[in-house]
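Me: Could you go through this structure with me, a piece at a time? I'm new to this, so plain sentences would help.

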Amino acid sequence: MRAELRLFGEVTAVVDGRVVHLGPARQRCVLAVLAVEPNQLVPLTQLAGRVWGEDAPHRPTETLRSYLSRLRTVLSALDVGVHRRPGGYVLVVDEDVVDLHRFRGLVARARRADDVHAVTLYDKALALWRGEPFAGLESPWLAGVRDALTGEYLAARLDHHDVRLRRGQHAELTPDLLALAAEYPWDERLAAQVMLALYGGGRQAGALSFYDDLRVRLGEELGVDPGAELRDLHQRILRADPVLRPAPPPAAVPGRPVPRQLPAAPSGFTGRARELAELDHADRAARVSVLAGVGGVGKTWLALRWAHDNATRFPDGQLFANLRGFDPRDEPVAPETVLRAFVAALGVPAASMPATRDELAGLFRSLVADRRVLVVLDNARDSAQVAPLLPGGAGCSVVVTSRNRLSGTMSSTGARSVILDVLSPADARQVLVAQLGADRVAAGGDAVDELLTCCAGLPLALGIVAARANTEPGFPLSAFAAELRPAATRLDMLGDETAGLRHVLSWSYRALSPAAATLFARLGALPGPVFGEAAAASAGGVPLEEVRVPLRELAGAHLVAEYEPGRYRMHDLVRLYATELATEHGDAPLRRVLDHYLRTAYAAALRLKPHRQPLALPEFDDLAVLVPLSSAAEAMAWFVRESPSLVAAVVAAEANGFGVHAWQLAWAMTDFFERHGHWRDYIATNHVALTAAVQLDDLVAQARTHRTLGRAYLFTGEHGPSLDHQERAAVLYERSGDLVSFAHAHIGIGNVYVRQNDYRRALSHARRSLDVFRELGHRAGQASALNAVGWCEAQLGMLADAEAHCRSALGLHHELADRHGEAGAWDSIGYVLMRASRHEEAVACFVESVALARDLRDRASEGEALDHLGDAHEAMGDRETARKYWQEALSVLEELDPAAAAGLRGKVSAAG
């Protein structure tokens, strides 16, 4: 069976020449979005945004699932799978089946091939273009992809023209070029090709006339002159430059040595199509490419793959040198040593070589000035080592690999940088398939996924695992996954003291400046893989302004990556190495990091809810950095940005004996978790916090954590655990004499009974808490209890009492400037008024509640108030407006409160 999925032209599928119907336009749009990025997870929300943009239907998730179910049936005949994964969907397909990706693959191969083979490859690629991509389908995202693909198509056509011009096909190419130039009248690269084709075909006057017409049009319509390259070509045509005449490709000059120094092409090489294409582009643009990345990421393999693919373009030879820039046993190779080897390979006897580096560099440049030579400089330490080794001839190309970015080389030569990251999950799997065989990988099942996770996309790690597995072909892959599972010994399993991952990473570490090396080791104390400058400064024990320079050095050495301004991430295996180094510095770096997170999280928590009962924080290290947060909005943004690190910090604090930090950090994140619906993290961190509190034998900490767990389980609808934790909290608070918290715990117990519709028992607990708060004179507590009492009374039909209590709560919250409390009180008053059939007044209250919740970025309160606002409009007979508000509430609560969302979906459906 020969199957093809076509995205060029109308989106169709063809099996053995027969067109397969793919359904209506929007269903084909879903398939097109998945097919643009095959074998990659597309999150459900992202899929909806790409399919509809801002015009999504009211229930896009259900609509998508319907389309995907039908596509799954249709595509089964093509051996193409649509698979659901956590968070989204993946189109599982051999990329060669999709014309877009076959086009890209052929173009990438053509750009690496010699001219003879390139013509054939370009012909095959361009033949796949059947018209405008996704014809007849409309979405903002597809429109952007369509524009980008049109640009790729034009670039491939122009590359194809270059090859044909080099092969002397000027006359036969001229009609196509003139037609294309009429379509793209301002493309100067295309204009240059037209001029070359006309001149090479014996039409010098035509070439000059074409230039004059273009110059006039540019001046009249755009007010500019032709670019420098086009002007230079015009002058060369005027003086009949013989170089522009068609000529056969240059061959090696008889008698000249032709060095072939490239090491063997890497076997089992897979993936890296994007990076190979980037090297093609960098070579065309600058002739000097710097391939940079962390140790073990596969820079040398990629450089050699590209070099072998392009070797025929360099008939005068290929030179290779390992500069040993990060070898722990030897100093980096001196440039003059490499130059002597290069000039010797080019035929200069030792006795005739000059003595100084500058003279050797000059001789090398002279020898290759009129030749087409490829130079591969592997493992460069810095720009100073590379500079003398760069040829000056226009026919030469250079590929440099380094763990550093070599910014000096790029600024002085215009070199182009290609940053090499870890392999994608699909490419990483293909590495194992290439080295272990498809059958063994298929039989590995979940163990393969675990191996890929442990290796984290690093080619060196994958190669080590594959080599280990090949030494024991009878062992199941699960045995090797078990070896790598413990993080503490993972680096031990990934090689030995001379060829393992730890050894490779140590080369980069030893090359750092003292300040950067110290910082890197202390970054191993960070509890998560992503961090900001303040966390780095805290770990390093340096002021914030002093951490930026060593961080830039670490980023330049690819030991960390700056993925957005001031934010960094560290590869999992690099982080394991840093963690080993961090042990030399004791607990101080971790303590400072935990101090940083706790100090800032506590301040942020009080910005979100100023009237929370305060904590007695532990003494802080003065070198821990506090992030200033001037508003609730800034506090919430900080929590959103740092939440993965904060969750990891709770676990690290408990595991390393910082129990106070563990439970207080969990306490500080409570409002963030509730307002954003991170229920699993909420529960998990507080179970860790409870363990820490028990180990500390701190009854107050235990009580607070039980109460927090009770709230968390209430939100997930697990009423039994919620009531159990709230009651434990009340007992511990009473035993410790903390009556304020004791009263809060009874509000929590009452909330559980509210969820169970046992309003009389809930009212009893709410009144008990109100009595305690009044005895203590605790006004913030009274406000919360009054609102709880009023809500229960409203449920029991005691509407006059309910309104009085809720309005009293609102007044107290307003006096205390507790805007979060005000939002809740407005919602409760609105509910009471709605029960009393005072619908217009109720609507006004709900609108106030929604506005406050949105201002506070409290999504849970916003969703609840929107739901009630819809109820009020339905009670007034306005079902259309009710449906609008319910839909808004559903979009907020779908992730936060699944039970409430289910009820909302029913309302929306019933409303039509």
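**A loop, a helix and some salt bridges**

Reply: Tryptophan 186 is a good place to begin, and in this predicted model it lies in the loop between α7 (170-183) and α8 (188-200).

Me: Is Trp186 buried or exposed there, or something in between?

Reply: Tryptophan 186 is partly exposed, with a relative accessible area of 35%. Together with Leu222 and Val224, Trp186 makes a nonpolar surface patch of about 270 Å².

Me: OK, switching to helices. How many residues does α17 have, and how far does it reach?

Reply: Helix α17 covers residues 425-436, which is 12 residues, and it reaches 16 Å from its first C-alpha to its last, close to the 16 Å expected at 1.5 Å a residue.

Me: Which residues of α17 are buried?

Reply: The buried ones are Ala428, Val431, Leu432 and Leu436. They cover an arc of only 105 degrees around the axis, and therefore they sit on the same side of α17.

Me: Why would residues spaced like that point the same way?

Reply: An α-helix has 3.6 residues a turn, so residues three or four places apart point the same way.

Me: And what covers the buried residues of α17?

Reply: The cover includes α18 (438-444), α19 (446-455), α20 (459-471) and α21 (477-484). Just after α17 comes glycine 437, which takes a positive phi of about 95 degrees.

Me: New topic: how many salt bridges does the structure hold?

Reply: It holds 38 salt bridges. One of them joins arginine 28 to glutamate 10, with the closest N and O atoms 3.9 Å apart. Arginine 28 lies in helix α1 (residues 25-36) and glutamate 10 in the loop between β1 (3-6) and β2 (12-15), so this pair ties together parts that are 18 residues apart in sequence.

Me: Are those two buried or exposed?

Reply: Arginine 28 counts as buried, because its relative accessibility is 14% and the cut-off for buried is under 20%, whereas glutamate 10 is partly exposed at 47%.

Me: What about the salt bridge of glutamate 888, which residue is its partner?

Reply: Glutamate 888 meets lysine 884, at 3.3 Å from N to O. The two are four residues apart in helix α42 (residues 879-896), so about one helical turn separates them. Glutamate 888 is partly exposed, with a relative accessible area of 26%, and lysine 884 is also partly exposed, with 43%.

Me: Which residues are joined into one network by salt bridges that share partners?

Reply: Glu4, Arg6, Asp99, Arg102 and Arg130 are joined in that way.

Terms used:
Residues numbered from 1 in each chain as written. Predicted model: local features only at pLDDT ≥ 70, side-chain atom pairs only at ≥ 80, totals over all residues. Heavy atoms only, no water. Patch = residues over 30% accessible without salt bridge, like charges linked within 9 Å, V, L, I, M, F, W, Y side chains within 5 Å. Areas by Shrake-Rupley, 256 points an atom, 1.4 Å probe, with all protein chains shown as cover. Salt bridge = Lys/Arg side-chain N within 4 Å of Asp/Glu carboxyl O. Buried < 20%, exposed > 50% of the residue type's maximum accessible area, 1.4 Å probe, protein only. Expected span 1.5 Å × (residues − 1). Arc of directions from axis to C-beta. Contact = heavy atoms within 4.5 Å.
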